[in-house]
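Student: Pick out the ring packing for me and take a close look at it. Then walk outward from there into whatever surrounds it.

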Amino acid sequence: MDKLDSFVEMTIIPRYTQGTRRKLTPEYRAISAQIRRLKTKDEDHPDLPSLHRQLRKTKASDPFDPGYRRLRYIRYADDFLLGFSGPKDEAEEIREQLKTFLHDQLKLELSPEKTLITHALTERAQFLGYDISADGPQRHGKSHGRITLRIPIKKLKEKISRYSKNGQSVSRSELTNESDFAIVEKYGSEYRGIVQYYAYARNRWWLNHLHWVMKNSLLKTLARKHKSTIPAMDQRFAGKAISKNGVMKCLSVTIERKDKRSLYAQFGGISLQTEPFKDAEIQDGYLDLDRNVPRCELIERLKADTCEECGSREDVEVHHVRKLSDLKVKGQREKPTWLKTMAALRRKTFVLCRYCHNALHTGRPMRRREVQEESFQG
């Protein structure tokens with residue numbers, strides 16, 4: 001797709017970029033001239049405050065300036081977005097040029113269903129899970145045409161549906177055999193990932209509903225594990241976290257370790273205020289968005305000293321799968337226990353001793369936990 005990038009950046013963008021700035025509207029120019037005239041007579045003229053207020057409410061630039069054009073382009077994998085400031089007929093020309101280039105040069109077809117032309121003031125374009133639109137005149141005190149990002153309601157419902165059924169939060173049975181730490185960390189990392197992904201969404205506060213659903217799902221999972229009640233679990237795991245808004249309530253688990261830093265898992269306690277957008281900085285090959293990287297969710301992996309198959313603490317290694325789809329084995333009725341475990345918890349790593357790790361790769365049976373424990377005793 002780098003050929004497409006080059007074509008857009010070297011051919012399309014220069015062709016549809018004109019002018020240095022938009023012309024000022026006649027109304028804005030008239031009020032500005034009146035302010036200048038009064039200032040030359042008297043810096044403290046009584047009419048100046050009202051004129052300044054009127055100027056702030058007046059549209060400054062002409063959105064229909066025929067001598068001004070701007071085209072912006074961004075691509076992620078095979079999904080791309082172009083932001084164009086200009087008439088619709090020229091936007092259609094750009095789409096046709098892209099369609100021709102993709103067909104002739106890359107032998108690809110431009111999907112007419114997905115390649116849409118939307119008016120930013122009246123419609124919303126969808127890109128990488130965001131709704132993208134522009135503010136109308138004087139909306140929220142911002143300038144006319146300011147680009148905003150929002151969470152699509154469809155995406156929010158999709159996130160909520162994973163933790164609910166028929167409008168009610170549900171427990172996750174595949175996690176009930178895990179430790180409290182692993183369960184809280186699992187929910188915490190999933191929630192944190194969603195919140196951080198939509199950090200720049202204007203309606204980020206919508207995630208309050210997701211937090212409520214996930215919290216109840218988490219408490220139901222813990223209650224099912226301990227054969228207890230939701231209020232009891234809420235009281236048992238209640239914690240506090242420091243955020244941009246000060247101290248916030250959360251659910252947390254702390255594991256003390258001798259001569260090591262304590263392990264800490266947390267769900268919630270994250271501010272849902274929209275973060276100001278700033279360009280990401282790339283340092284040492286990493287994309288730094290000034291965000292915390294989620295920790296590993298399993299206590300065994302944090303300790304990395306016990307085989308999850310046989311319980312051995314010797315020569316512990318980590319088995320990796322490239323992607324979750326690799327866990328789907330076709331044509332095999334009875335799947336190995338390790339494969340079922342990884343698939344159920346959506347793991348891409350499995351902590352094993354060297355014997356079990358070699359057995360997994362060679363297709364031999366791994367040692368059972370009962371046999372291994374007897375050998376340690378004898």
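Tutor: Search the whole structure and you get nine aromatic pairs, where a pair means Phe, Tyr or Trp rings (for Trp, the six-membered ring) with centres within 6.5 Å, called stacked when the planes are under 30 degrees apart, edge-to-face over 60 and tilted for the rest. One of them joins Tyr130 and Tyr198, edge-to-face, with 5.0 Å from centre to centre and 65° between the planes. Tyr130 sits in strand β4 (residues 130-134), while Tyr198 is in the loop between α6 (180-197) and α7 (207-226), so the pair links distant parts of the chain, 68 residues apart. Helices here are DSSP runs of H or I with at least four residues, strands are E runs of at least two, and the numbering starts at the N terminus. Tyr130 and Tyr198 are both buried, which is to say under 20% relative accessible area; exposed is over 50% and partly exposed is in between, with a 1.4 Å probe and protein chains only.

Next comes Tyr163 with Tyr187, a tilted pair at 5.9 Å centre to centre and 40° between the planes. Tyr163 lies in the loop between α5 (153-161) and β6 (164-165) and Tyr187 is in helix α6, so this pair ties together parts 24 residues apart in sequence. Both rings belong to buried residues: relative accessibility is 2% for Tyr163 and 0% for Tyr187. Back at the other pair, ring pairs also bring in Tyr197, making a cluster of Tyr130, Tyr197 and Tyr198.

Before going further, some ground rules. This is a predicted model, so local features need pLDDT of at least 70 and side-chain atom pairs count only at pLDDT 80 or more, though totals for chains, interfaces and linings use all residues. Residues are numbered from 1 along each chain as its sequence is written, and side-chain values use heavy atoms, with hydrogens and water left out.

Now for charges over rings. Tyr187 has the charged end of Arg172 over its ring, 5.1 Å from the centre, and Arg150 lies over the face of Trp206 at 5.7 Å from the ring centre. The test is NZ of Lys or CZ of Arg within 6 Å of the ring centre and within 35 degrees of the ring normal.

Which residues touch the most other members of the largest nonpolar core? Tyr187 is one of them, along with Leu207, Leu210, Leu218 and Phe267, in a core of 35 residues. Two or more residues come from each of β4, α5, α6, α7, β9 (246-257) and β10 (260-268), and α7 gives the largest share, eight residues. A core here is a set of buried Ala, Val, Leu, Ile, Met, Phe, Trp, Tyr and Cys residues joined through side-chain atoms within 4.5 Å. Leu207 shows how this works: leaving out residues up to four places away in sequence, Leu207 touches Ile151, Leu156, Tyr191, Ile194, Val195, Tyr198 and Leu272, with contact meaning heavy atoms within 4.5 Å. Apart from this core lies another, of 14 residues, among them Ile13, Tyr16, Leu102 and Leu110. In soluble globular proteins, nonpolar side chains tend to be buried together.

Helix α7 deserves a second look. Its 20 residues should span 28 Å at 1.5 Å a residue, and the end C-alpha atoms are indeed 28 Å apart; the expected span is 1.5 Å times one less than the number of residues. Among the buried residues of α7 are Leu207, Leu210 and Leu218, but also Asn216, Ser217 and Thr221. Just after α7 comes Lys227 with a positive phi of about 55°, although Lys227 is not a glycine. Lys227 is in the loop between α7 and α8 (230-236) and, at 76% relative accessibility, counts as exposed. Most residues other than glycine have a negative phi, and most peptide bonds are trans.

The neighbouring α6 also holds Ala182, buried at 3% relative accessibility. The C-alpha atoms of Ala182 and Val253 are 9.2 Å apart in space, with their positions 71 residues apart in sequence.

Zooming out, the protein chain has 12 helices and 14 strands, and 37% of its 378 residues count as buried. Of its contacts with a separation of 6 or more, 61% are between residues 24 or more positions apart.
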